[in-house]
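Open the model in your viewer and follow the stops below in order.

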Amino acid sequence: MASKTKSRSTSAAQPEGGAFTWATKWFVRMAWLTAAWAVCKGLDAVKVSVSGDVYSELCAETILAWVVRERAAAAAMPAYQRSPDQRTVGTCSTQRAYTNSHKPPSPPPPEPNDINYMIDYIVTNLTSTYGSSQIALNTNSSEWVLSNAGGAMGAMYIIHASVTEYLIVFGTPLGTEGHTGMHTADDYFNILVGEQWAFAPPSLEMERYPAGSVHHLPRGHVKQYKMHEGCYALEYARGWIPLMLPFGLADVFTSTLDVWSLYHTVRITAREMLRNFFIGKV
């Protein structure tokens, strides 16, 4: 009886399956990691072949928004302060005076930092450039959702979301600071209004990104960043997007418990990804 008990305890203390089973488990894990890496690379290749280089178009949209801002600033400037190319050359002809007097009043120019005007301008140009059969875009600019990620808080408007790309406007009138997170996609922060600062050791220098500049965060890199009061950016991510979602949603479960914002984030993201999937946009 004692020998049977001793043999049972000895067999229970030994690892089940031995070294071969342990090696097999690690081999399977490495195979899964390799497969995930291959899928990311494959999706990158498919994305470029299907949708083309969208980032160049988005850079153009950022430049256009910047031009709109500068023109608005020039329009709001008194005539005597404008440069010669900004001034309107008048005429004293009777016909021109009559025509001008009967023109309907023109709408006032937008403010230089009017982010709503910039967003409308960008979305309008994107929808005119890309047909609905190419890329599905969310044109409902009222769908702003609070976002907490990496300790930073702001609001976002999801313009486009698919498996390999997303385009959002993110910002806050109050200012915020946090961690960028480590992502499986390249992230391009096109500053529309305000200013963003960033820092990445071992460099001890502050990176400054004013309005009109682009802050590129390569995949796998991390930084501390700060957005000052009234800073808004057009954020474009390109890569394996689903793996970025845990970073964007983790604070809901560990800190804020904001299930309402979680619901809208998941609802809008899933809706836009499905819309693009059904037209063949990955």
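Start with the whole surface: the protein exposes about 17000 Å², and carbon and sulfur atoms supply 64% of it. Accessible areas come from the Shrake-Rupley method with a 1.4 Å probe, and for residues only the protein chains shown count as cover. This is a predicted model, in which local features need pLDDT of at least 70 and side-chain atom pairs count only at pLDDT 80 or more, while totals for chains, interfaces and linings use all residues. Residues are numbered from 1 along each chain as its sequence is written, and side-chain values use heavy atoms, with hydrogens and water left out.

Next, switch to a cartoon view. The protein has seven helices and 10 strands; these are DSSP runs, numbered from the N terminus (helices H or I, at least four residues; strands E, at least two). Of its 282 residues, 37% count as buried (under 20% relative accessible area; exposed is over 50%, partly exposed in between, with a 1.4 Å probe and protein chains only).

Now show the aromatic rings. Rings of Phe, Tyr and Trp (its six-membered ring) pair if their centres lie within 6.5 Å; planes under 30 degrees apart count as stacked, over 60 as edge-to-face and the rest as tilted. The count by this rule is five aromatic pairs.

Select Trp-144 and Tyr-157, a tilted pair at 6.0 Å centre to centre with 40 degrees between the planes. Trp-144 lies in strand β1 (residues 144-149) and Tyr-157 in strand β2 (residues 152-161), so the pair ties together parts 13 residues apart in sequence. Trp-144 is partly exposed at 31% relative accessibility, whereas Tyr-157 is buried at 0%.

Add Tyr-232: ring pairs link Trp-144, Tyr-157 and Tyr-232 into a cluster.
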